[in-house]
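Colleague: Please take one pair of neighbouring helices and describe the packing closely. Then set it in the context of the chain.

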Amino acid sequence: MKIMDRKILPLIPVRDVVIFPNSLAHISLKREQSVAALEESLHLDKEVFLTMQKNKDVDNPKTNDLYLVGTIAKIEQTQRLPDGIINIVVKGLNKAKVKTFVQESPFFRVDAEEIEEGTFSLEDSLPQLKTLVEQFRRLITLGKPISLEVLPNLNDFSNPNQIVDIMISNLDIKSSQKQALLEENNLKKRLKVVASYVSGELSILNTARKIQDQTAEEIGKNAKEAFLREQLRTIEKELGVKEEKEEFVEIEKKIRAAKMPTDVEAKAFKELERLKRIPAFSPEVSYIRTYLELMTDLPWSKKSTGDLDVKKAEKILNEDHYGLKKVKERILEYLAVKKLTGKMRGPILCFAGPPGVGKTSIGRSIARAMNRKFVKVSLGGVRDEAEIRGHRRTYVGALPGRIIQGIKDAETNNPVFMLDEIDKLGFDFRGDPSSALLEALDPEQNREFSDHYLEAPFDLSDVVFITTANLLENIPPALRDRMEVIDFPGYTEEEKLKIANDFLLPKQLENHGLTNKNLKFNDSSLAKVIAKYTREAGVRNLERELSTICRKVAREIAENQIKSTTVKEMDVNKYLGPEKFEPWSVGKTDETGVSTGLAWTEAGGEVLSIETTLMPGKGSLILTGHLGDVMKESAQAALSYVRSRLAENGIRENVIGKSDIHLHVPSGAIPKDGPSAGTAMATSLMSAITKLSVRKDVGMTGEITLRGKVLEIGGVKEKVLAAHRAGLKTVILPKRNAKDLEEIPAKTKSELKFVFVDDMDEVLKTALINFPMKLSKTPDSESLSTGVAAA
């Protein structure tokens, strides 16, 4: 061995890597010692001494932890990462040996001697070298991964050591074996050892190719995943290893434990057999496994059990909700019949009413009263039929529909299942979800509900389906026909006061860390919040306003401004600001053309006003106030009726011909429609033309015909409650609506006078002062006065 030049270089210890001359290597540095050595090298000529640690697990190696023979390398590239790691690319230059350690801290600096390769006879080594290179090329053809950059160097037989170094650095041998070959300087010995390693690796790859060829003959042109699976099976066969399919055994146990119907269980076992035959890497495997998991997770035979105590159920319903008598009676009737027969099908109910009246929240109470699980699915905005009945399994990413998914989540097959906002279902090119619900909500069909994903019938006959809606008109007739509709009317002010005291306030006090000792409300203050800060049929906004007050009081207490307070009527403005609504109230005097009409809205009953004025013109009827088509037609019908009655009331027809009539409904930004304002508009027109005043305390509602007949209308309860709130004394209703007074609270009925009518003459006799009246002189168009009428 001939000693060459000596150099003082920084040393970087590397883990489990041997760097050879003329080879490129990628190294990641993070240790402070290594980074410091790198920085030193970069400041000089970028040369560094690389040697391997004897034990790769040592984090802070000492001199005796390092091999003395390594490689002098040049740093080609550096890359600094955000996490502190530095990646470098080095190229080996020469072998070298540590003569002495010049420095050990903060990094190693060594006196390294370059080692010249031993002398060799090219003629003696060339045959053996060529044979070794051919074997190495055979490794490459069998699939040995080699960088293309090194291939040309294998043909340079003028430098045998370089060829040997390239082969060693690419062999799958231990790092300690590579280190031994690095330290060996005898070419013949190196060739002999490398030849043995190449032969061993060649034997392994030849065996793998043989197995691969045998497998390819068996499976032909199967997909890549199937090919790999068969290859694995062939290897297992060669080794005599038999894999136990524990997963399949577990799935089989789950299928038996699920207690499925016989035909469904047979289908599940058929899918399991199919799963066993499919290669493990096939995409089908995950699809079938997911399907079988759903099959075994569904509660085919699990039910919520417990004694059906009707009295206890009634107590729970009354604890959670105030009023809602019809709803509670219907649920208690179902429980009573179920208790007596033991096999009654679940009802399919539809709770219809304005927002905030408790349609959704009572669903949980019903589940608690029946001792069942509760599932809620919101249908608002659903447009795809597959959301209800699932996707077919042929689609990638297929899932069961919301009904089957809800049953799975409930873990019982008889939950209380709420389909919220069913009137807001949409439809488009993907199908009609409302049609998909027909089977689920039909008591005659849902015993065998079919989900496209499940592809097996599931019994929904024990499920108590509850749907909610704001407007029944938006539900298709076929779907509405399958449901038992229970109307949720709006709450009266008395009911809202009771709900606020018994339900809303205790809840908000608890949510804000308060007690009834910290914060109290007078009934008058609550009544003011209800009347002047909310306008709704339910109590949702009322709860928000009470929450606002609780927050402000909680802040005052937290800042030690107060310890407790009682909110009085005069304090409400302090916490909630100016009043948001001014309730409609009765006028002070009877005016010409003034009448009061009653209307229904989603937020409850309202009192509307209509203003009618006559002016010189050509007999046109002008309608303003954002009126819908039906309401415009009602105004035309009212005018035709009035014109037909002119002669009987002493008014000549030519008065209308010389006058334009302008009928306006205030609050023009709010859309208005419906036929029930017919009586009020006819009264307004008659009053304006005859100059007869309308009684200020009379309200009316009803549709009219051209013959003056008054027809039945809806929303009686809400309209009557609105009249009562407004301070009216008399309410005119169609005679056929007399039956609807049963829904009106007794206190409200006792404070109002109801007049039931069949035709407009009766309406005018009640609403107009001094009607009928024969005028001795017909007013000319110039003396016609302006009238205001309310509808």
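**A helix pair and its chain**

Modeller: Helices H7 and H8 run roughly antiparallel to each other (an angle over 145 degrees). This is a predicted model, in which local features need pLDDT of at least 70 and side-chain atom pairs pLDDT 80 or more, while totals for chains, interfaces and linings use all residues. Residues are numbered from 1 along each chain as its sequence is written, and side-chain values use heavy atoms, without hydrogens or water. H7 covers residues 246-257 and H8 residues 262-277; they pack at an angle of about 175°, with axes 10 Å apart (lines fitted to C-alpha atoms over the stretch in contact, with angles from 0 to 180 degrees between N-to-C directions). From H7, the contact (heavy atoms within 4.5 Å) takes in Phe248, Ile251, Glu252, Ile255 and Arg256. H8 contributes Glu265, Ala268, Phe269, Leu272, Leu275 and Lys276. Seven of these residues are nonpolar, four are charged and none is polar.

Further along is helix H11, residues 325-341, whose end C-alpha atoms lie 24 Å apart. That agrees with the expected 24 Å, because its 17 residues count at 1.5 Å each (1.5 Å times one less than the number of residues). Buried residues of H11 include Val327, Ile331, Leu332 and Leu335, and also the charged Lys328, Arg330 and Lys338 (buried: under 20% relative accessible area, 1.4 Å probe). The buried residues of H11 pack against helices H10 and H12 and strands S7, S12 and S13. Gly342 follows H11, with a positive phi near 80°.

The chain has 26 helices and 28 strands (DSSP runs of at least four and at least two residues). Of its 791 residues, 46% are buried.

Note on methods
Buried < 20%, exposed > 50% of the residue type's maximum accessible area, 1.4 Å probe, protein only. Parallel < 35°, antiparallel > 145°, perpendicular 65-115°, else oblique.
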